[in-house]
Amino acid sequence: IYPDISMLPGGSAEYIMPMLALTKLPPVLAGLLLACAFSAIMSTASALLLVVGSSAGSDLYHGYINKNASEKQVMNVTKLATYLLGLISAVLCFAPIFQVGIYQVTWIAWSVLSPAFIPLIIGGLYWKRGTKEGAYASLIVGSVTGFAWYSLLQESTTIHTFFAALLLATVAYVCVSMPTTA
């Protein structure tokens, strides 16, 4: 339908789903589809803001900066952190700092970082011999592999970053957990 990316708004592949919906579906279905997509994005964004704001208040402020902080102080820091991060996120949406769109940045982040967490979450839940050292190894190897593979090897190998990083993070989790099991 769009053989050339320049046919899309801004020449960005990010617009393929909205453009297909708007041009190929009846208006009511297009609106419903776009509303569903945006509600999923907004729900994820709000959950992430709440998690990061809570972590800033309870983990960072109460855990390291002021260990004797009252519940009210922690809540105020949490609210402030959530507001500031939301404001920064909103500003970044309009700042042309990336050469790719926000969808592409999100996809890159997912494919680079999630393989680092998957082995330690599944291993932590279902494998009794998993250790914190193995979890650290999974995080480090998965993240480093993800970034390096995406930057250097994904196009030349045609192996997606997610699968390469997941495989190496899993191997690191198992290989480091085995000798460190208590």
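Me: Leaving out residues up to four places away in sequence, which residues does Gly134 touch?
Reply: Happy to start there, keeping in mind that this is a predicted model. Gly134 is found in helix α5, and at 0% relative accessibility it counts as buried because the cut-off for buried is under 20%. Not counting residues up to four places away in sequence, what Gly134 touches is Tyr173, Val176 and Ser177.

Me: How far is Gly134 from Ser12, C-alpha to C-alpha?
Reply: Along the chain, Gly134 and Ser12 are 122 residues apart. In space, their C-alpha atoms are separated by 40 Å.

Me: How are α5 and α6 oriented relative to each other: roughly parallel or roughly antiparallel?
Reply: Helix α6 covers residues 161-180, and α5 packs against it with the axes 7 Å apart. The angle between the two is about 155°. Angles over 145 degrees count as roughly antiparallel, so the description for α5 and α6 is roughly antiparallel.

Me: Is the crossing of α5 and α6 left-handed or right-handed, and which residues make the contact?
Reply: The crossing of these two helices is right-handed. On the α5 side the contact includes Glu133, Gly134, Ala137, Val141, Thr145 and Trp149. From α6, the residues making the contact include Ala165, Leu168, Ala172, Tyr173, Val176 and Ser177.

Me: Where is the kink in α5 centred?
Reply: A straight helix of 26 residues would span 38 Å at 1.5 Å a residue, but α5 spans only 32 Å between its end C-alpha atoms. There is also a kink of about 60° in this helix. The residue at its centre is Tyr150.

Me: What is the phi of Thr158, the residue that follows α5?
Reply: Thr158 has its place in the loop between α5 and α6. At 70% relative accessibility, Thr158 counts as exposed. Although Thr158 is not a glycine, its phi is positive, at about 60°.

Me: Is Ser143 buried or exposed, and what does it touch?
Reply: Ser143 sits in helix α5, residues 132-157. Its relative accessible area is 18%, and because the cut-off for buried is under 20%, Ser143 is buried. Setting aside residues up to four places away in sequence, Ser143 touches Val112, Leu113, Ala116 and Ser138.

Me: Which residues is Ser114 in contact with, leaving aside neighbours within four places in sequence?
Reply: Ser114 lies in helix α4, residues 102-126. With a relative accessible area of 17%, Ser114 is buried. Leaving aside those sequence neighbours, its contacts are with Ala109 and Phe162.

Me: At which residue does α2 bend?
Reply: Let's begin with the length of α2, which runs over residues 27-65. At 1.5 Å a residue its 39 residues should span 57 Å, and the end C-alpha atoms are 53 Å apart, which agrees. There is nevertheless a bend of about 30° in α2, and the residue where it occurs is Ser55.

Me: Which residues of α2 are buried, and what covers them?
Reply: The cover over the buried residues of α2 includes α1 (16-24) and α3 (71-94). The buried residues of α2 are Ala30, Leu34, Gly53, Ala56, Gly57 and Tyr61.

Me: How do α2 and α3 cross?
Reply: The axes of α2 and α3 come within 8 Å and cross at roughly 135°. Among the residues making the contact are Gly53, Ala56, Gly57 and Tyr61 of α2 and Val74, Val77, Thr78 and Ala81 of α3. The crossing is right-handed, and given that angle the two helices are therefore oblique.

Me: How far apart in space are Val52 and Ala81?
Reply: Val52 has its place in helix α2, and at 42% relative accessibility it counts as partly exposed. Val52 and Ala81 are 29 residues apart in sequence. In space, C-alpha to C-alpha, the distance between Val52 and Ala81 is 7.9 Å.

Me: Which residues of α3 are buried?
Reply: α3 has 24 residues and reaches 35 Å from its first C-alpha to its last, close to the 34 Å expected. What covers its buried residues includes α2. The buried residues of α3 are Val74, Thr78, Ala81 and Thr82.

Notes:
Residues numbered from 1 in each chain as written. Predicted model: local features only at pLDDT ≥ 70, side-chain atom pairs only at ≥ 80, totals over all residues. Heavy atoms only, no water. Helix = DSSP H or I, 4+ residues; strand = E, 2+ residues; numbered from the N terminus. Expected span 1.5 Å × (residues − 1). Bend = angle between axes of the 7 residues up to and from the residue. Buried < 20%, exposed > 50% of the residue type's maximum accessible area, 1.4 Å probe, protein only. Contact = heavy atoms within 4.5 Å. Axes fitted to C-alpha atoms, helices over the stretch in contact; angles between N-to-C directions. Parallel < 35°, antiparallel > 145°, perpendicular 65-115°, else oblique. Left-handed = near helix turned anticlockwise from the far one by under 90°.
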